[in-house]
Amino acid sequence: MIEVNGLTKKYGDRFAIDQISFSVKKGEILGFLGQNGAGKTTTMKILTGFMPATSGTAKIGGFDVFENPIEVKKRIGYLPESPPIYPELLVSEYLNFVSDLRGIPKDQKKKKMDAALEKTQLGDVKNRLIGNLSKGYRQRVGLAQSLIHDPELLILDEPTVGLDPKQVTEARSLIKSLKESHTVIYSTHILSEVAATCDRIVIIDKGKIVAQEAINSMGSAGASSRTEMVVQRLSEKTLTALRAVNGVRNVQASQNGINRLIIEAEPREDVMVELARIVVTTDSGLVRMQPVALGLEEYYLDLIKGKRTAI
Amino acid sequence: MNGTSAIVKKEIRSYFYSPLAYVVLGVFLFFMGVIFTKFIYIYQQYNSKAQFGGGQPGITLDKLATYLYQNMAFLLCFLTPLITMRLFAEEKRQHTFELLFTSPIHAFEIVLGKFLSAYFLMLLMVVLSGLYVLFMVIWGNPELPIIATTYVGLCLSLACYVAIGGLISAMTSSQAVAAVWSFIVLLMLWLLQSLGQGITATFAGVQLGTVMVYLSPLGHFTTFSEGLVHVKDIVYFVSFTGCILYLTHKVVESNRWR
């Protein structure tokens, strides 16, 4: 559905994005993750044909974004970071205007508008002024305009920013439901958002892609390097013995009600065996020992700090 | 041209959903009313003097109509920036430029749609001014062909005004800045006529004064208001408007590169 190759955008001497390449399959939800200013919005603006790139190619549905922008734009629905709404219009008038811009035939207009209103649950407010709606509703109006022509590809730039928790949950389930009939690229800097919504993730930092992989494999990537142990009795002697094991990098102990140890070690079987042996022989009363998956948050921070590489 | 008609419809709707259109129309009608009353008063004075003196009035109704429409053209010079200031500046401020530019329409359709919507509102004022023609026809005997050519000149001048206002609005994201600069530029264009007349300097064999007078819309409009329709004046207005719309298109396109 999307093929991006060596996409670069320069502002003077500064690279907003530098040699970005990735692809998205049909029906996939791709999370575009990065800090503010990482280059997410620039990439999205280029893909939508709003902004030209300095170099590189981008194809959507087989059409080159720079050579056939009109064909590409017909296939895209775009929700920018600030929803592009006219506060002086009614919701229905606004969607009518967007339908005209999108060249939807008159006989299909009502059907398409009703479908967009239903998907975004805006039916109750369709005759209200957009300027009088809450932020959450305005965001939905923005989403409705991106959906109205039933595009093959939806590009959503931080669609949940500024929404309350209930609205965030609703927006997530709405985006998930869109997967059935659309390919979605979804940018955010909120990690839990990606985990809850996306199939695959592209992490971008300072204009470069630092990782792209499936959400599931990210969780498992660091699973074996961290182990949690819960014991009944914890002595300084046990801690010293654990820290002395060859392959152990760090041992953190917490004693708030239960004695919990988080051990960072090389992902080797013999290290695990030795750790278990020490706890048993020191009569610490082993209650639980299990691997801890590296959180997405830590994985992400490791990546942008350069501690980890994964492409 | 689907995009153009969609934008025209939306823009006209937006004008009338805000107080701006009503305020501008109200101000226009108020000042035109004041000017018209003043001219009728002057005409009456000339008439009564002529009656008591036994001769023809020293001023004709047609001459008065010419003055009236020259004043109207000048008044519209002030009001046009209020209508055009929001055309592009507002889109930038509201971040709705992204909606227009990610829709499957060409940038020129956007520029044309914006131009036509503001032009429509200006033409509405011209149509409303027909009220004064009606008064003159009921209570006098004006030369209607002269008034008709004056209206043609007025409509062509307004196309230039609106195009200039649109261009300046495309250059900024502040409506106030767009309005002030549009007014300054339109005023300068008017003043070029009288400034040019006093300049005798030449540059590369061309008299600068003549160029300045030619560039001012005032002289071209005056020809129309005297009942004359010259092709060169029509060419001036049409080419001027076309060039400014082309420049606006380029400015709007360049916004996407930044």
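Let me start with strands β4 and β5 of chain A, which in this predicted model pair in the antiparallel sense over two bridges. Within that pairing, I60(A) stands opposite F63(A) in β5(A), and the hairpin that the two strands form has two residues between them, where G61(A) takes a positive phi near 60°.

If we step outward from that hairpin, we find that β4(A) and β5(A) belong to an open sheet of four strands, whose order is β2-β1-β4-β5 in chain A, with antiparallel pairing. The edges of this sheet are β2, covering residues 14–24, and β5, covering residues 63–64, each of which pairs on one side only. As a general reminder, the strands of a sheet pair through backbone hydrogen bonds, and they may do so in a parallel or an antiparallel way.

Between those edges, strand β1, residues 2–11 of chain A, is joined on one hand to β2(A) by seven bridges, running antiparallel, and on the other to β4(A), residues 55–60, by five bridges, again antiparallel. To give you a residue to look at in each pairing, K9(A) has I17(A) of β2(A) as its bridge partner, while V4(A) has A58(A) of β4(A).

Chain A also offers a parallel pairing, and for that I would ask you to turn to strand β6, residues 76–79, which four bridges join to strand β7, residues 153–157. In this pair, Y78(A) stands opposite I155(A) of β7(A). In a regular strand, side chains alternate between the two faces of the sheet. In β6(A), accordingly, I76(A) and Y78(A) point one way and G77(A) and L79(A) point the other way, and all of them are buried.

That brings me to the interior, and to the question of which residues have the most contacts inside the largest nonpolar core. This core has 125 residues, and the ones with the most contacts inside it are F22(A), Y94(A), I185(A) and Y69(B), while the element that gives the most to it is helix α8 of chain B, residues 144–170, with 14 residues. There is also a second, separate core, made of 18 residues, among them I29(A), L79(A), L154(A) and I201(A). Nonpolar side chains, I should add, tend to be buried together in soluble globular proteins.

To see what one of those well-connected residues does, take I185(A), which, leaving out residues up to four places away in sequence, touches a list that includes I2(A), F22(A), V24(A), M44(A), L153(A) and I155(A).

Before leaving chain A, I would like to point out S284(A), which is found in the loop between α10, residues 269–281, and β14, residues 286–291. Is this loop residue buried or exposed? S284(A) has a relative accessible area of 1%, and it therefore counts as buried. Apart from neighbours within four places in sequence, S284(A) is in contact with V231(A), Q232(A), R233(A), T238(A) and V279(A).

Let me now move to chain B, which has 12 helices and two strands, and in which, reading from the N terminus, the elements run α-α-α-α-α-α-α-α-α-β-β-α-α-α. The C-alpha trace of chain B spans about 70 × 50 × 30 Å along its principal axes, and of its 258 residues, 50% count as buried. Among the contacts in chain B with a separation of 6 or more, 77% come from residues 24 or more positions apart.

One helix here deserves a slower look, namely α11 of chain B, residues 217–225: seven of its nine residues are buried, so this helix is largely enclosed by the rest of the structure. The buried ones are P217(B), L218(B), H220(B), F221(B), T223(B), F224(B) and S225(B), and what covers them includes α3, α8, α9, α10 and α12 of chain B. Just after α11(B), G227(B) takes a positive phi of about 90°.

Finally, we come to the surface of chain B, which exposes about 12,000 Å², with carbon and sulfur atoms supplying 71% of that. On the surface there is a nonpolar patch formed by V177(B), V180(B), W181(B), I184(B), M188(B), L191(B) and L195(B), which together have about 620 Å² of accessible area. One of these, V177(B), sits in helix α9, residues 175–197 of chain B, and because its relative accessibility is 38%, V177(B) counts as partly exposed.

Methods:
Residues numbered from 1 in each chain as written. Chains lettered and ligands numbered in written order. Predicted model: local features only at pLDDT ≥ 70, side-chain atom pairs only at ≥ 80, totals over all residues. Heavy atoms only, no water. Patch = residues over 30% accessible without salt bridge, like charges linked within 9 Å, V, L, I, M, F, W, Y side chains within 5 Å. Areas by Shrake-Rupley, 256 points an atom, 1.4 Å probe, with all protein chains shown as cover. Salt bridge = Lys/Arg side-chain N within 4 Å of Asp/Glu carboxyl O. Buried < 20%, exposed > 50% of the residue type's maximum accessible area, 1.4 Å probe, protein only. Core = buried A, V, L, I, M, F, W, Y, C linked by side-chain atoms within 4.5 Å. Contact = heavy atoms within 4.5 Å. Pairing = 2+ DSSP bridges.
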